[in-house]
Every structure is written in structure tokens, then in C-alpha cells.
Amino acid sequence: MNLSAEQRRILGLICDTVTPGDGGDLPSATELGADETLLTLLDRNPDEKGKQAVAAVLRVWNSRAFGLATGFGPRRFDRLSRADRERLLLRLSGSPIPQVRTAIRGLTQAAMAAYYATPGPTGVHPFWTAIGYPTPPGPRSDAPASALTPIRPSGPTELDCDVVIVGSGAGGGTAAAVLAKAGLSVIVVERGEYYDDANFGWSELDGLLHLYAPGPAITAEGQLGLVAGSCLGGGTVVNWTTSLRTPDDVRAEWAALGARQFATDEYTAAMDVVGERIGVTVDRSPLSARDALLERGLQQLGWHVDVLPRNVAPTCDAGVECGRCGSGCRVGAKQSATKTWLADAAEHGATLLVGTDVRTIDIAGGRATGVHAVAAGGCPVHIRARAVVAAAGAIQTPALLRRSGLTDKPIGDYLRLHPATAVQAVFDEEVLGWQGGLQARYSAEHRDLDGAGYGVVYETGPLTPAMTVGFTSWAGAARHRQQMLDLPRTGVVGIITRDRDHGSVGIDSAGNPVVRYRLSERDAGHLRVGVDGAARILEAAGAQRIRTAHQSPAEYIRGGSTSLDGYLAASHKIGYGPGRCSIAALHIMGSARMGGSREMSATNPDGAVWSVPNLVVADGSCFPTASGVNPMLSIEAIGYMNATRLAGRLG
């Protein structure tokens with residue numbers, strides 16, 4: 001970002017207000033260099049207007065007018081005491097103006113994430129030492145050489161093939177294998193880079209910078225954070241290995257919307273093939289301490305609990321290594337697309353391009369004829385093809401279709417995000433939430449709250465420092481520091497909502513995606529039930545203190561003056577509107593959905609765009625509605641099915 005020295009100084013002062021250290025062993029944000037990390041993270045975002053807005057705020061933040069507007073008189077921010085600077089941030093975080101609340105929540109959460117992800121000058125953050133969090137080990141000395149040999153275009157490039165596939169994740173990788181095995185010449189184009197066992201062992205910061213999409217990082221309304229993988233293999237490289245099949249009632253709903261094969265043996269067979277190829281099993285889901293708490297609480301309540309199937313090889317340690325698997329599986333156990341489908345595709349002659357961003361699909365006479373892309377240094381890449389598969393994910397795929405001139409209204413509509421939040425709790429016992437299998441148990445106790453299959457599921461996940469603050473509200477420096485120091489004894493229950501209502505994906509003037517989504521009252525009601533349920537699970541498991549992700553300093557204390565019911569009622573009163581509660585979208589679906597009519601769906605039952613029959617979508621954007629479960633296996637099954645149909649049409 002192009003910030004002046006004064007703007008950088010004020011940003012550093014804000015960071016030091018959020019994470020000032022303790023005056024002793026724990027450094028402040030600027031002493032650690034976390035303010036520079038935050039600038040790096042902000043600068044990655046392709047949203048130029050967003051970056052300009054940040055710069056504009058920093059220009060006025062230290063003015064007397066800003067002091068007057070925020071109720072601190074005509075005093076500059078840098079003249080306030082640290083206590084007053086903290087009060088100012090807390091006052092803004094509770095503003096009645098949604099745009100102010102969301103801006104401050106975004107700023108404080110970004111500052112916290114930058115602080116805990118920054119290794120600091122020594123490479124070992126003192127906070128990691130304080131809680132016993134393991135330092136990044138680096139790659140294994142015995143890590144095998146990378147198995148794939150992708151191409152990185154370094155100059156103007158012209159290529160020809162039968163099928164060009166945009167995106168290499170769960171859908172694109174699977175489609176590549178199917179089409180290449182069918183004897184078609186295939187080129188897979190990935191805007192991220194290729195990383196494998198020999199690279200992994202990174203810090204959270206390095207993993208974030210290398211493996212995740214730079215943006216958009218939040219919905220336009222500021223209500224939900226957005227997380228997506230961006231590397232060869234896409235989200236399959238960084239996800240938590242949970243491999244649930246599409247529920248039968250969801251399949252029936254999808255079929256009723258016009259894609260009838262979802263209710264037939266064709267889709268069942270696709271899920272079977274996918275599960276076999278990526279090694280889905282329930283035999284490698286041992287209990288972590290986190291999952292043991294979840295299971296204990298559910299059993300105490302008499303609620304549903306079951307083992308989560310995972311796509312891992314026997315080399316999975318389900319221990320310390322799993323805790324850092326969100327930055328790539330260091331032991332090579334995760335059966336990602338790079339380990340499976342892309343390896344199959346390459347074996348059958350497919351070409352893999354990385355570091356190459358597809359900007360448009362060429363369409364002439366109602367047919368897709370190839371793609372235009374930009375590689376490193378701005379060099380142009382043109383690929384001619386008999387067919388195009390769009391599998392860039394449910395944010396980038398509809399943006400690509402729009403940039404390419406397609407105008408059907410359903411393109412980008414019907415976006416589902418599985419709004420997710422979490423409830424954290426402190427126990428007497430040690431949990432070490434960054435260790436153990438990523439996810440091993442779940443509960444579907446409340447998956448149907450309306451009689452139509454819409455509700456929530458409960459899961460847990462690794463509590464690494466920078467990841468944890470994604471569901472942590474900042475309520476003052478001292479309180480936050482203590483919450484983080486309690487991390488070794490903290491457990492968590494996550495709530496995943498199957499959203500019935502939807503948002504949309506459009507593009508800005510530069511062609512970059514803009515995600516619009518506001519949690520509906522109906523879905524917020526389901527999320528509220530989930531927050532109640534998660535808190536009761538943790539209490540039943542023996543939690544001593546419980547806190548939701550709402551913007552509040554309060555927490556439930558066992559044996560205290562406020563009952564759990566009273567605490568939850570106060571949390572719900574804060575609400576779930578923008579800036580009121582930390583909510584994220586970990587599963588992004590439905591923005592180019594399959595269906596039976598051009599008026600209600602972006603693609604036909606073959607997954608082809610209605611007006612361009614040889615342009616097929618094969619990723620999570622195909623979902624007619626939300627899956628209600630972790631979507632990886634469903635995406636791969638759709639990629640397999642749609643690619644098989646395309647191969648048949650191409651001969």
C-alpha cells in the first residue's frame with residue numbers, strides 16, 4: 001500500500017492499542033513488526049477501492065476533527081493515553097452505524113491476526129513460547145521431491161488443447177483427471193503456485209501468504225469473512241480433510257430444482273469413485289483433546305455424535321503435524337487434488353500451468369473457443385480449446401463468466417456461504433487445541449430446525465493463534481491478552497449453518513469479484529440456536545468459562561452470578577448484524593448453480609452454461625443450494641460427473 005510515513009505511524013499506534021504487549025516478555029505490535037505484517041496482508045487484497053479507503057481513514061485518524069467526532073474532544077489520537085485510545089476503539093466497535101462497526105471489527109481482527117502470525121525478529125514469537133505453541137519446523141529433511149512439474153509461463157504463450165480447465169482445486173482437479181483419462185488433451189490453469197511436502201512446515205503467516213486467496217477477504221456489507229485456497233490443488237491443500245457425502249435430503253432438493261441426476265445412481269457412483277480415490281475413511285479419526293470435549297459434552301446431553309470421515313493416508317500423525325495442516329500437510333498424508341486427481345491427469349498427459357490468472361473466456365458463435373490469461377510479469381497467455389471448464393471456485397467462477405460477457409441473471413446469484421461462528425471455553429484441563437486430528441467428531445443434532453433440512457451442525461477445529469482470533473472479539477487489550485494466554489486450556493465448538501437464503505457475486509469496474517451477502521433473519525435464527533447449542537455442549541463437557549464471538553467483554557463463569565441462559569440472552573441481544581458477531585464463510589457455494597431452467601439457474605443439468613454448451617462449470621458454484629456439510633466430497637463428485645458428461649459429448 002502506498003502510505004506515507006505518518007499514515008504508517010498511525011497504523012502502528014492502532015496496532016499497539018490492540019496488542020500492546022505486557023511491558024515485559026510480550027512485545028508490542030510495532031516492537032514485533034506486526035504492523036508491517038498487517039500492511040503486507042492489506043496490500044495483497046486486489047480491492048483497490050478498499051485499500052484507498054484504508055488510506056483515507058488513516059489520513060484523518062490523527063486529526064482533531066476525528067477526536068471531536070469520536071467524543072474525545074479536539075485531541076489527536078497520538079496525544080491520547082493508551083487507555084483513552086483503547087476506549088476510543090471500543091466506542092467505535094459498538095457504534096450504531098454498521099459501516100463503522102464492521103470497519104473497526106475488521107481492523108482489530110486483522111491487527112490481532114497479524115500480531116500472532118508474526119514470528120518477530122528472532123523467528124520465534126515470545127507469545128508462542130509463553131503458551132507452549134510449537135515453532136515452525138520447516139520442511140522435513142526426508143521430504144520427497146515434488147511429484148508434479150507444472151509450467152510457469154515467462155513470456156507470451158500460445159497453446160492448443162481439447163479442454164482448458166480454469167482452476168485446479170476439488171472440482172478442477174477431478175475434472176482434469178476424468179478428461180485426460182478419456183484421451184483428451186487437457187491444460188489446467190491455476191493462478192496460484194505449486195507447493196508440496198518439500199515446502200510445508202511454514203509459519204501461519206507464510207501459509208497464509210502462499211496458500212490462500214488474497215481477496216476478497218470480506219463480504220461487501222462487512223458481515224462475513226471469506227476464506228479460500230489459492231494454489232495448485234486449491235482448497236484441498238489447506239482444508240481440514242473432512243469428507244462427508246451429500247445428505248440424501250439435500251440430493252432430493254437439488255434434483256427437484258431440475259438437475260435430476262443428483263437423486264440417481266449416477267451421482268451416487270460419482271461419490272463412490274471420489275471417496276475411493278481420495279482415501280476417505282473413518283479409521284483415521286482418533287480423538288484429539290478438542291474432539292474429546294465435543295464428544296463428552298454431546299454424550300452428556302444425549303445428543304447425536306458420530307465419527308467424521310477423513311481423506312488421509314496412514315502416514316497422518318493426527319497429532320502435532322495436524323495442527324499446522326491448514327498451512328499444508330508436512331507429512332504428505334492429506335489426499336489433496338495434487339496427490340490424487342492432478343497426479344492422475346499429469347500421468348495421462350495433462351499440462352499444468354501455475355502463476356497464470358485467466359481473465360476471460362473466448363466466446364464466438366455461442367461456443368467457447370479458449371481463454372486469455374496473464375502470467376507473471378504481465379505476459380499474455382492464450383489457450384485455444386474445443387471446450388472450457390470453469391472451476392475457479394464460487395467467487396472467481398461467476399466473476400470470470402461475467403468478465404467474459406455472459407449476462408444471464410442467475411450467474412453470480414444464489415450464493416450460499418454456510419455462515420459459521422464459534423463458541424470458545426476455558427477448561428481446568430489442558431487441551432492444546434493446536435494438536436490432534438483436524439476434525440474427528442461432529443453432531444447433526446440440530447441440522448433440521450425447520451422441517452426442510454435447514455439448521456446447523458457442530459464441529460471443532462484446530463486452535464492455532466492467528467486462526468483463533470478469527471472468531472474472537474477484541475474487548476480491550478488486557479482482557480484479550482488473558483484470553484490468548486488461556487489458549488492451552490481452551491476448547492471450541494464451531495457452528496456451521498446451512499443457509500436457506502442467499503447472496504450474490506458481481507464484479508467491479510476492474511473485473512474483480514464483489515461478494516454481497518447479508519445474513520437473513522431466518523438463517524440468523526438458526527445460527528442463534530447453534531450458538532446456544534455449542535455453549536451447552538461446552539458447559540456439559542465441564543467448561544469453567546464460556547464466551548461467544550459477540551462484540552462484548554462479558555463471559556459466562558461457572559458458579560458466577562449470571563446463569564448460562566442469562567449470558568446467552570445477553571449475547572443474542574447484541575445480535576448477528578454486521579459488526580456484532582464474528583461470522584465467517586468457510587464453504588462458498590452456489591453462485592453458478594445447476595438446475596432445470598435458464599431463469600432460475602446459471603447452468604443446465606450437464607453443468608454447462610445455458611447459452612454456451614461447451615462451457616462447463618465444475619466446482620462448488622454448481623451447488624443448487626447449500627450442501628449443509630463440508631463440501632469437498634460433493635464438489636469432487638460434481639466435477640467427476642460433469643466432466644464425464646463433457647467427455648461423452650466431446651467424443
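In this predicted model, Asp 272 and Arg 245 form a salt bridge, with 3.0 Å between their closest N and O atoms. Asp 272 belongs to helix α12 (residues 265-277), whereas Arg 245 sits in the loop between β3 (225-226) and α11 (248-256), so the pair ties together parts that are 27 residues apart in sequence. Both partners fall into the intermediate class of accessibility: Asp 272 is partly exposed, with a relative accessible area of 41%, and Arg 245 is also partly exposed, at 37%.

Helix α12 takes part in another such contact. Asp 344 forms a salt bridge with Arg 277, and here the closest N and O atoms are 2.8 Å apart. Because Asp 344 lies in helix α15 (residues 341-347) and Arg 277 in helix α12, this pair ties together parts that are 67 residues apart in sequence. The two side chains differ in their surroundings. Asp 344 has a relative accessibility of 8% and therefore counts as buried, the cut-off being under 20%. Arg 277, at 28%, counts as partly exposed.

A further salt bridge joins Arg 489 to Asp 486, the closest N and O atoms being 3.3 Å apart. Once again a buried acid meets a partly exposed base: Asp 486 has a relative accessible area of 5%, while the value for Arg 489 is 28%. Elsewhere, salt bridges with shared partners join Glu 6, Arg 9, Asp 78 and Arg 79 into one network. The pairs described here can be set against the total for the whole structure, where a search finds 37 salt bridges. Side chains of opposite charge can pair when their charged atoms come close.

Turning to the helices, α7 spans residues 98-117 and has 20 residues. From its first C-alpha to its last, α7 reaches 28 Å, close to the 28 Å expected at 1.5 Å a residue. Many kinds of side chain are found among the buried positions of α7, including the arginines Arg 101 and Arg 105. Thr 102, Thr 108 and Gln 109 are buried as well, as are Ile 104 and Met 112. Towards the end of the helix, the buried residues include Ala 111, Ala 114, Tyr 115, Tyr 116 and Ala 117.

One annotated region can also be placed on the model. An unreviewed UniProt entry assigns the feature "domain: FAD-dependent oxidoreductase 2 FAD-binding" to residues 162-194. In the model, this span is 36% helix and 27% strand, and the C-alpha atoms at its ends lie 23 Å apart.

Conventions. Residues are numbered from 1 along each chain as its sequence is written. This is a predicted model: local features need pLDDT of at least 70, side-chain atom pairs count only at pLDDT 80 or more; totals for chains, interfaces and linings use all residues. Side-chain values use heavy atoms; hydrogens and water are left out. Helices (H or I, at least four residues) and strands (E, at least two) are DSSP runs, numbered from the N terminus. The expected span of a helix is 1.5 Å times one less than its number of residues. Buried means under 20% relative accessible area, exposed over 50%, partly exposed in between (1.4 Å probe, protein chains only). UniProt positions are given in the numbering used here, feature names are shortened, and annotations may be inferred rather than shown by experiment. A salt bridge is a side-chain nitrogen of Lys or Arg within 4 Å of a carboxyl oxygen of Asp or Glu.
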